[in-house]
Amino acid sequence: MNYLSVENISKSYGERALFEGISFGINKDQKIAFVAKNGTGKTTILNIIAGKDSTDSGQIVFRKDLRVAYLSQVDELDDSLTIEQSIFNSGNEILRIIEQYEKALLDPEDTNAYQNAFELMDHHNAWDFETQYKQILFKLKLQDLNKKVASLSGGQKKRLSLAIILINKPDLLILDEPTNHLDLEMIEWLEKYLQNEKITLFMVTHDRYFLERVCNEIIELDHGKLHRYKGNYSYFLQKKEERIALEKMAVDKAKNLFNKELEWMRRQPKARTTKSKSRIDDFYIIKEKAHQRRNDHQVQLEINMERLGSKIVELHHISKSFDENRLFIDFDYVFKRGERIGIIGKNGTGKSTFLNILTGDLPVDSGKVIIGETIKFGYYTQDGIHIKKGQKIIEVIKEYGEYIPLTKGRKITAGQLLERFLFDRKKQYDFVEKLSGGELKRLFLCTVLIQNPNFLILDEPTNDLDIVTLNVLENFLLDFPGNLLVVSHDRYFMDKIVDQLFVFEGEGAINGFPGNYSDYRAYEDSKPSTSKATIKKEDHRKSVVVENIISRDEKREYGKLEKEIANLEKKKSTIENQFSDDKIEPDKINEISILLEKIIVDLKQKEERWLELSMKMES
């Protein structure tokens, strides 16, 4: 079933043509990724389909009554509403019924209102829907429903916009970089959710594992032409390589034919027969084809970095907190030459703060940071580049340096470096405000690298970069001989460039792990589950000393509680996994939710009693 058809659309901004004559269709149950370089119009095409922008020519034809939802990179939330009000304000009929029921619960004396609300919930099977939408909010860490949108961070607003779209279950879901501002746990949940849901999807993402596991088709816009690949990211890479090889063969064949025809042209007299004129016309067609060449502008980064001394960076017992939020406590580490470390952890555990402390932008609460005399940081931050109004691209880069030294004694000018970052000579004199988000990121990378650092620190460098630029950046980082420290939620990127991790666990803990992200996930998945009671085993040994204080019955109860808590947590984990699996039957959701609530209440009571006995044993 066809949902929409994009028919011969074109778009230009002034003299700059983004795309011309683009046509494709989206059918029910397709999960399509749209792939193209930054600045070629990916987001513009999404905006046009979503009705946020218009075409210069062509049209979009929608199936009648098609419900379309769009997650853009710019949120459109009302700051005056709470999280809950934003969800209920989205126009979904079942959400309106749930809202009516929840209001009725607040006024139990109005029995008529409660009865009507209850019957509506039954009639529309809204009980299951309520459980599902609360599960989505839980997974996206939006449990405080009374929090005002105005007080949310940019990342929280993006997650709320995503939650509203998923809860409303549109016919067609359009997503622009959905994994930005999600931590790794959320990305993996969203990946499974979109895999298992019967949903029609059209999205732009740079997350290659996401492309691999969610999409069943990829549309690529390359040099103004569309190419469709009926498969995931691995299939796309294989078939694209085959296509480029065939194009090269066709160009090589045309060049050979062109040389023969050129020799014939030179031998011909001035008077032409009709037959020879036809051949001359063919000659010019062959000539045009023979002179085609792919203009990929492969970035070649061969930086000759400054020398690293024997002392790199030393962290001695550093601690940092903000009010009651303990980010890290008494952390020790001495960096060795050439280390490549990735940083992972949930949002809010202090990853960016750690980088800012390392570079001297934030002080520690206690401890000491020692930087080697030869260390020159190159710091790519999430804040991006700060530009002056009316600046041109070439002017921005020249503020950081006129040239960069390359290997073998060569040098490269600021303009040449920009060319390697896909900014051609003409574009270098464009105003920076005309650049897309991805192009601004490329320019920022350029300003960091032209300073010739020997210790690169990258905070979420993959956000808004296209796959072509990501491959280029990865190839550079693989060859980079200095130290590398990276915060990223891009699992593919982390797997490719780091060989050890700092895992920010929260509550002040940072643990080292020798391997990349996939190694870490495999290790974590292989670990047996542990309960709070099991973690306290060491404390339990103290009961021998205080045996005269706690009674024998209480001691027996204490040991029994440990086993009961462990069993309850196993049951709780099993039920929660059923929810996240999304394969649960709708009529079972309410039954299992009631069971889960009972287990949580029981678990809380037993943990409180266990803690009471534990404190008594230690007194």
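Which residues point one way from strand β3, which point the other way, and are they buried or exposed? In this predicted model, Lys-31, Ala-33 and Val-35 point one way from β3, while Ile-32, Phe-34 and Ala-36 point the other way, and all of them are buried. The strand covers residues 31-36, and with six of its six residues buried it is mostly covered.

The neighbours of β3 can be followed through its pairing. Strands of a sheet pair through backbone hydrogen bonds, either parallel or antiparallel. Strand β7, made of residues 200-204, is joined to β3 by three bridges, and the two run parallel; here Ile-32 stands opposite Phe-202 in β7. Strand β8 also runs parallel to β3, to which it is joined by five bridges, and within β8 the bridge partner of Phe-34 is Ile-219.

Strand β8 leads on to a pocket, since β8 (217-222), together with β2 (16-27) and α14 (437-449), is among the elements that each supply at least two residues of the lining of the second largest pocket. About 1,000 Å³ of space lies in this second largest pocket, and of the 25 residues that line it, the closest to its centre are Arg-16, Ala-17, Gly-39, Thr-40 and Asp-424. The element that gives the most to the lining is β2, with five residues. By character, the residues of this lining divide into 12 charged, seven polar and six nonpolar.

Another part of the model holds an open sheet of six strands, in the order β14-β17-β18-β12-β19-β20 and with mixed pairing. Its edge strands are β14 (377-380) and β20 (509-513), each of which pairs on one side only, and the twist from one strand to the next averages 15°. Within this sheet, strand β12 (residues 340-345) and strand β19 (residues 500-506) pair in the parallel sense over five bridges, with Ile-343 standing opposite Phe-502 in β19. Strand β19 also contains Gly-506, which counts as buried because its relative accessibility is 18% and buried means under 20%. Although Gly-506 and Thr-349 are 157 residues apart in sequence, they are 5.1 Å apart in space, C-alpha to C-alpha.

A second pair of residues separated along the chain involves Ser-80, which is found in the loop between β5 (68-71) and α2 (83-88). Ser-80 is partly exposed, with a relative accessible area of 44%, and its C-alpha atom is separated by 6.6 Å from that of Val-149, which is 69 residues away along the chain.

Two helices can be considered next. Helix α5 runs over residues 126-139, and its 14 residues should span 20 Å at 1.5 Å a residue, which agrees with the 20 Å between its end C-alpha atoms. Because 10 of the 14 residues of α5 are buried, this helix is largely enclosed by the rest of the structure; its buried residues include Trp-127, Phe-129, Tyr-133, Ile-136 and Leu-137, and also Asp-128 and Glu-130. After α5 comes Lys-141, whose phi is positive, near 55°.

Helix α6, residues 154-168, has 15 residues and reaches 22 Å from its first C-alpha to its last, close to the 21 Å expected at 1.5 Å a residue. As 14 of the 15 residues of α6 are buried, α6 too is largely enclosed by the rest of the structure. The helix is followed by Lys-169, whose phi is positive, near 45°.

Positive phi values also appear elsewhere in the model, at Asn-8 and at Glu-177. Asn-8 has a phi of about 55° although it is not a glycine, and its place is in strand β1, residues 2-13, where Asn-8 is partly exposed with a relative accessible area of 47%. Glu-177, likewise a residue other than glycine, has a phi near 50° and lies in the loop between β6 (172-176) and α7 (184-196). With a relative accessible area of 5%, Glu-177 is buried, whereas Asn-8 is partly exposed.

Key: Residues are numbered from 1 along each chain as its sequence is written. This is a predicted model: local features need pLDDT of at least 70, side-chain atom pairs count only at pLDDT 80 or more; totals for chains, interfaces and linings use all residues. Side-chain values use heavy atoms; hydrogens and water are left out. On a 1 Å grid over the protein atoms alone, a cavity is a set of points where a 1.4 Å probe fits but cannot get out, and a pocket is an open set with protein on both sides within 12 Å along at least five of seven lines; lining residues have an atom within 4 Å of a point. Grid points are joined across faces, edges and corners, and a volume is the space filled by probe spheres set on the points. Helices (H or I, at least four residues) and strands (E, at least two) are DSSP runs, numbered from the N terminus. Ala, Val, Leu, Ile, Met, Phe, Trp, Tyr, Cys and Pro count as nonpolar, Asp, Glu, Lys and Arg as charged, and the others, Gly among them, as polar. The expected span of a helix is 1.5 Å times one less than its number of residues. Buried means under 20% relative accessible area, exposed over 50%, partly exposed in between (1.4 Å probe, protein chains only). Two strands pair if DSSP finds at least two bridges between them. Axes are lines fitted to C-alpha atoms, for helices over the stretch in contact, and angles run from 0 to 180 degrees between N-to-C directions.
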